[in-house]
Amino acid sequence: MDTSLVSYLLPVGVLDFFELTKHNIKNEVIHFYLEEKNEIPNEYASYKVHSKGFTPEITIQDFPLRGKSVYLHIRRRRWVILSTQKIVTRDWDVVAKGTRMTSEFASFLKE
């Protein structure tokens with residue numbers, strides 16, 4: 001899927017770590033579906049890890065586009081460290097603490 005245009009609609013840096021799997025518009029609401037890429041987080045690069053699927057999907061609200069609400073449906077990947085069997089995830093700090101929207105959108109609303 002060509003994401004060159006979509007990269008201007010999503011929070012900065014999201015496509016560095018996530019793949020856009022689909023999008024749709026339902027009842028004047030735009031939905032973007034994102035899955036974390038299968039790239040081992042830097043902090044676990046020295047370990048032997050294996051992808052163990054995804055965490056449950058979360059939905060966060062983003063900036064409106066052309067008067068339509070925008071929701072990001074995000075599936076984060078998880079890995080298991082083979083030597084310890086510990087499950088790990090990337091520390092992805094996009095969701096603002098205490099909210100269900102992106103940090104950018106929360107900052108915009110505070111101003």
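These are my notebook entries on a sheet, a surface patch and the salt bridges of this structure.

**Entry 1: the model**
I am working with a predicted model, so I keep to what was computed from it.

**Entry 2: the three-stranded sheet**
I began with the strands. I found an open sheet of three strands, in the order 3-6-7, with antiparallel pairing. Which strands lie at its edges? They are strand 3, residues 49–54, and strand 7, residues 86–89, each of which pairs on one side only. I also looked up the twist: on average, neighbouring strands of this sheet are turned by 35° against each other, with direction ignored.

**Entry 3: strand 6 against strand 7**
Next I followed one pair of strands. Strand 6 covers residues 77–81, and four bridges join it to strand 7 in the antiparallel sense. I noted two facing positions here. Trp79 stands opposite Val88 of strand 7, and Ile81 stands opposite Lys86, also in strand 7. The hairpin of these two strands has four residues between the strands. I paused at Gln85 in this hairpin, where phi is positive, near 65°.

**Entry 4: a nonpolar patch**
I then turned to the surface. Which residues make the nonpolar patch? Leu5, Tyr8 and Leu9 make it, and its area is about 380 Å². I looked at Tyr8 more carefully. Tyr8 sits in the segment before helix 1, which spans 14–17. Is Tyr8 buried or exposed? With a relative accessible area of 72%, Tyr8 is exposed, because the cut-off for that word is over 50%.

**Entry 5: salt bridges**
How many salt bridges does the whole structure hold? My search of it gave two.

In one of them, the side chains of Lys68 and Glu28 meet at 3.3 Å, N to O. This pair links distant parts of the chain, 40 residues apart: Lys68 is in strand 5 (residues 68–75), while Glu28 is in the loop between strand 1 (18–26) and strand 2 (29–36). I checked how open each partner is. Lys68 is partly exposed at 21% relative accessibility, whereas Glu28 is exposed at 52%.

Glu35 and Arg75 form a salt bridge as well, and their closest N and O atoms are 3.3 Å apart. Here too, distant parts of the chain are linked, with Glu35 in strand 2 and Arg75 in strand 5, 40 residues apart. Glu35 counts as partly exposed, at 23% relative accessibility. Arg75 is partly exposed, with a relative accessible area of 28%.

Terms used. Residues are numbered from 1 along each chain as its sequence is written. This is a predicted model: local features need pLDDT of at least 70, side-chain atom pairs count only at pLDDT 80 or more; totals for chains, interfaces and linings use all residues. Side-chain values use heavy atoms; hydrogens and water are left out. Two strands pair if DSSP finds at least two bridges between them. Axes are lines fitted to C-alpha atoms, for helices over the stretch in contact, and angles run from 0 to 180 degrees between N-to-C directions. Patches are made of residues with over 30% relative accessible area and no salt bridge: like charges are joined within 9 Å, nonpolar side chains (Val, Leu, Ile, Met, Phe, Trp, Tyr) within 5 Å. Accessible areas come from the Shrake-Rupley method with a 1.4 Å probe; for residues, only the protein chains shown count as cover. A salt bridge is a side-chain nitrogen of Lys or Arg within 4 Å of a carboxyl oxygen of Asp or Glu. Buried means under 20% relative accessible area, exposed over 50%, partly exposed in between (1.4 Å probe, protein chains only).
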